[in-house]
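Work through the following exercises with the sequence and the structure side by side. Each task is followed by a solution that goes step by step.

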Amino acid sequence: MHLRLLVLFAVPVPCDASGGEQGEAAISQFVKLVHAAYPVQTSFVIDVGANNGQWARHVLERVREYGTRMRVEPILFEPQKEYAASLRQLAFDWGGTFHPAVAWTRATNLTFYVSNFKEASSLSEQIALTFSKPEVNAHVRRVTVPAVNLANVLRSCAWRAKGGPIILKLDVEAAEYDLLPRLLITGALCRCTFLLIEWHLNALPPERKLQGVMLRNALEDLLTRGCLKPPQLIIHDEDFLNNF
């Protein structure tokens, strides 16, 4: 007798981007928690892959409009030099921190690929090249950038927050598949109140794609079962071209 085993793998379903309705819902909940928090607490807006800072600036403007008695600090990560001045000013205005670096699993130096489409500049050469019209440009510019241990930053923010809400946006152009396992096993991801994650499955090599799908589909359950106090809301940004 021949047995046939059919294995079904759940495929992610596209949802709204971090600026869409679901992302706005997370921001609204975050702002309300900030407003209700105690003055001795601190809240953090952590924008990893900040690019021009539009998302972090939007969240901070919402906080200002709603009003709060507590301290709110932006923590911004972006290695592209053309955005450094405006991001440094944004961090200064709110008493936060700007890291002209990429977020990573440890402190080191890494190769960063600069795309013609700046938002696609990445630690992934494939993503940077895809958005640089590879039929015209066969290569993208490489630069060496510093990397910061993101788990350490999150743990430090959680300690300083004293229970204040933390919202994390992770848009790192496929580096999420390296970062998230580290953040999970260190417990750093448990310290976040809201998570907005942009996924880039198509940037993974074939031998890692199944692992990437499984990480995406298991993430919420891992956090729910593994954290004493799991994040209140997780938003998955799964652009069709990046994931299907």
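**Exercise 1. Decide whether F30 is buried or exposed, then do the same for F194, and describe how their rings are placed.**

Step 1. F30 has a relative accessible area of 0% and is therefore buried, where buried means under 20% relative accessible area, exposed over 50% and partly exposed in between, with a 1.4 Å probe and protein chains only. F194 is likewise buried, with a relative accessible area of 0%.

Before going on, note that this is a predicted model, in which local features need pLDDT of at least 70 and side-chain atom pairs count only at pLDDT 80 or more, whereas totals for chains, interfaces and linings use all residues. Residues are numbered from 1 along each chain as its sequence is written, and side-chain values use heavy atoms, with hydrogens and water left out.

Step 2. A search of the whole structure gives three aromatic pairs, a pair being two rings of Phe, Tyr or Trp (its six-membered ring) with centres within 6.5 Å; planes under 30 degrees apart count as stacked, over 60 as edge-to-face and the rest as tilted. One of them joins F30 and F194 edge-to-face, at 6.4 Å centre to centre and with 90° between the planes.

Step 3. This pair links distant parts of the chain, since F30 belongs to helix α1 and F194 to strand β8 (residues 194-198), 164 residues apart; helices (H or I, at least four residues) and strands (E, at least two) are DSSP runs, numbered from the N terminus.

**Exercise 2. Classify the ring pair of F240 and F244, and state the accessibility of each residue.**

Step 1. The ring centres of F240 and F244 are 5.3 Å apart and their planes are at 10°, so the pair is stacked.

Step 2. F240 is exposed, with a relative accessible area of 53%, while F244, at 37% relative accessibility, counts as partly exposed.

**Exercise 3. Describe how α1 packs against α2, and give the classes of the residues in the contact.**

Step 1. Helix α1 (residues 21-36) and helix α2 (residues 54-66) pack at an angle of about 45°, with their axes 10 Å apart; axes are lines fitted to C-alpha atoms, for helices over the stretch in contact, and angles run from 0 to 180 degrees between N-to-C directions.

Step 2. The two helices α1 and α2 are therefore oblique to each other, given that angles under 35 degrees count as roughly parallel, over 145 as roughly antiparallel, 65 to 115 as roughly perpendicular and the rest as oblique.

Step 3. The crossing of α1 and α2 is right-handed, a label used when the near helix is turned clockwise from the far one by less than a right angle, with anticlockwise giving left-handed.

Step 4. Residues of α1 including I27, F30, V31 and V34 meet residues of α2, among them W55, V59 and V63, where contact means heavy atoms within 4.5 Å. By class, the contact of α1 with α2 has eight nonpolar, three polar and three charged residues; Ala, Val, Leu, Ile, Met, Phe, Trp, Tyr, Cys and Pro count as nonpolar, Asp, Glu, Lys and Arg as charged, and the others, Gly among them, as polar.

**Exercise 4. Describe the packing of α6 with α7, and then place L219 within it.**

Step 1. Helix α6 (residues 176-185) and helix α7 (residues 206-226) pack at an angle of about 35°, with axes 11 Å apart, and their crossing is left-handed.

Step 2. On the α6 side the contact includes L180, P181 and L184, and on the α7 side it includes L215, L219 and L222. The contact of α6 with α7 comprises eight nonpolar, one polar and three charged residues.

Step 3. L219, in helix α7, is buried, with a relative accessible area of 0%. Not counting residues up to four places away in sequence, L219 touches L180, L184, L189, I197, W199 and H236; the C-alpha atoms of L219 and L184 are separated by 8.9 Å, although these residues are 35 apart along the chain.

**Exercise 5. State where K162 and E173 lie, and what is notable about phi in each.**

Step 1. K162 is in the loop between α5 (150-161) and β7 (166-170), and its phi is near 55°, a positive value in a residue other than glycine. At 55% relative accessibility, K162 counts as exposed.

Step 2. E173 lies in the loop between β7 and α6, and its phi, near 50°, is also a positive value in a residue other than glycine. E173 counts as buried, at 9% relative accessibility.
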